[in-house]
Amino acid sequence: MAIDLARCRVLDLSQDWDIHTPGFALYEGPTVKWIKRVAFERAGGQWISSTLHVGTHLDAPLHFITGGQDIAAIPLNKLVGWACIVDLTRYGIGDYDIYGPEHFEQWERDTGIRIQPGDILVIHTGYHHYYPSDWATDPALRQPDETRYFIKHPGPTRAFADWVLWRQISWLAVDCASADHPFNTVIRKIRADLVPEFEAKHGKSISELLPDSDYQVMHFALFPHGVIHIENAGGEIDKVLNRRIMVGCFPWRFKGGEAAFCRFVAFVPEDEL
Amino acid sequence: MGSVKLYDLSQPLNQEVSFWPFYPPFEVKYIKRKAEHGVNAQYIMTSNHMGTHLDAPRHFITNGKTIDQIPLEWLYGPGVIVDLSDVLDELDIFTPEMIEQRVEVRKGDILFIHTGWHRYAQFGETPDEEKYLLRHPGPHPSIVDWLIAKKIKIWGVDMVSTDHPMNLPIGRFLGRGGLEQWKRVRAICERKFGEKLTELFPEEHYQLTHNALFPHDCIHVENLGGEISRRELHNRRLTLGVFPWLFKGGEAAFCRVVAFVEES
């Protein structure tokens, strides 16, 4: 399938990045300071420091694999391609919920769109509305709430990780804090006070829902296969839901980087906007 | 990407890459390791003017646009990469006429200039930091009015700056009272341009392509590289994309730069 570049508009699926943008749990956020000013040095210059898991960013396999591929080693051809944008909100998925292959197969039946081998899979939970650095959402719908964003977003189990490999998904993007369920990350320990709420929602124990052996399964089980992901996607994502479109992920070419901030965009023909 | 071929026009960036004079370097360190924390995580500290990066107007203009305020429509679209590499030597000058002799530049195009200089960058074919930083070519001052007339918003070079070294600290004061690099650069230019030197580089043209163009929202990418030397990309129409991360308030940002070529 060809795409007519001249007729494409670019939509921004990225969130803002500034000092107010929260990093992931136990990751320091950005510092930005002016170190030169026009009045004195005839040019203005900033200095930044940050961890890399802040705002819209791409994880490289190196994040979890000793000697794994770094950001600069990921070929551009992999980073641009056809993506299915799956809206999970249509299935009523919300706080603490677990999604799985059944939701994506239902989505294929409902939309008539087939998620093809080699496709990128963009998962829309709707939680980007809660991100403090959301900018594109209608202000009336924007509901900054970082606790809900980081702690309560839905996530998958091992069944989904297995399905992603089986369906030969190239890579993933999520509009929430992590590709893993929050309680399948370090958040399980640092917000242990909310585990009872999570268990009550499901009527099952956490060890039954998310066994220890599956800890961070979306990272540990998928990165060895090169199936990486963007976290904190968002921006204008609501404009492209339930479609198969061309997307591009553009991290700066960070040699040795275990992750990098990236610009995530959709290339959409003008007459399909 | 369907029948579209992608070319990466970005230079790799890490702690080894040379940094702009008077600006701090790119630093990176691990703050979490797999064995202790179950994960590898890094922390970076850097100025924005390293590697392949986009300058926003805010770099020179009080209250100018910042990276997040640059519309994506400016950053992706039709353009050209003009090849001037065969006619440019150390500290040479290129003119709009030289560009137009080789390729048609249309209004609003994204314009990249291939000087060949990226081969001297840290990760280029023949790294030579002094040559890359101190003795790169630069534009004739007429490029300013020409870019404005062409309504160009985004242009870029495979060099450390869009300005000629004589309009930068490099040819004016770098190393003054110390290594005196500016004197050596100036001496080469005096030999090269003779009496025309002050006419070509008047005092008030300090950082000309920054100071004169940023008020018009005509901004640029510096340190292009990667596959920009590929001949099939030169002097023809193609689609170009410049993708900085969405740095709200950023006076510049690292970016990934890509040429999209439809295969026939």
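## The contact between the chains

In this predicted model, the contact between the two chains draws 55 residues from chain B and 52 residues from chain A. On the side of chain B that touches chain A, the elements that give two or more residues are strand 1 (4-8), strand 2, strand 3 (41-47), strand 5 (76-83), strand 11 (237-244) and strand 12 (252-262) of chain B. Strand 3 of chain B gives the most to this side, with seven residues.

Sorted by class, the residues on the side of chain B that touches chain A comprise 28 nonpolar, 19 polar and eight charged ones.

## A sheet with strands from both chains

Four strands form an open sheet in the order 2(A)-3(A)-3(B)-2(B), and the pairing within it is antiparallel. Its edge strands are strand 2 (31-36) of chain A and strand 2 (27-32) of chain B, each of which pairs on one side only. From one strand to the next, the twist averages 15 degrees. As a general point, the strands of a sheet pair through backbone hydrogen bonds, and they may do so either parallel or antiparallel.

Where do the two chains meet within this order? Strand 3 of chain A stands next to strand 3 of chain B, and these two strands, which run antiparallel, are joined by five bridges. One of the pairs can be named by residue, since I48(A) has T46(B), in strand 3 of chain B, as its bridge partner. Within chain A, strand 2 and strand 3 (residues 45-51) also run antiparallel and are joined by five bridges, and here K33(A) has W47(A), in strand 3 of chain A, as its bridge partner.

## A covered strand in chain B

Strand 9 (residues 154-157) of chain B pairs in the parallel sense with two strands of chain B, namely with strand 7 (residues 110-114) over three bridges and with strand 10 (residues 219-222), likewise over three bridges. In the pairing with strand 7, the bridge partner of I113(B) is V157(B) in strand 9 of chain B, while in the pairing with strand 10, the bridge partner of G156(B) is V221(B).

Are the residues of strand 9 of chain B buried or exposed on its two faces? I154(B) and G156(B) lie on one side, W155(B) and V157(B) lie on the other, and all of them are buried, so that both faces of the strand are covered. In general, the side chains of a regular strand alternate between the two faces of the sheet.

How values were computed. Residues are numbered from 1 along each chain as its sequence is written. Chains are lettered from A and ligands numbered from 1 in the order in which they are written. This is a predicted model: local features need pLDDT of at least 70, side-chain atom pairs count only at pLDDT 80 or more; totals for chains, interfaces and linings use all residues. Two strands pair if DSSP finds at least two bridges between them. Axes are lines fitted to C-alpha atoms, for helices over the stretch in contact, and angles run from 0 to 180 degrees between N-to-C directions. Two residues are in contact if their C-beta atoms, placed from the backbone, lie within 7 Å. Ala, Val, Leu, Ile, Met, Phe, Trp, Tyr, Cys and Pro count as nonpolar, Asp, Glu, Lys and Arg as charged, and the others, Gly among them, as polar. A residue is buried if 20 or more other C-beta atoms lie within 10 Å of its own, exposed if 12 or fewer, and partly exposed in between; C-beta atoms are placed from the backbone.
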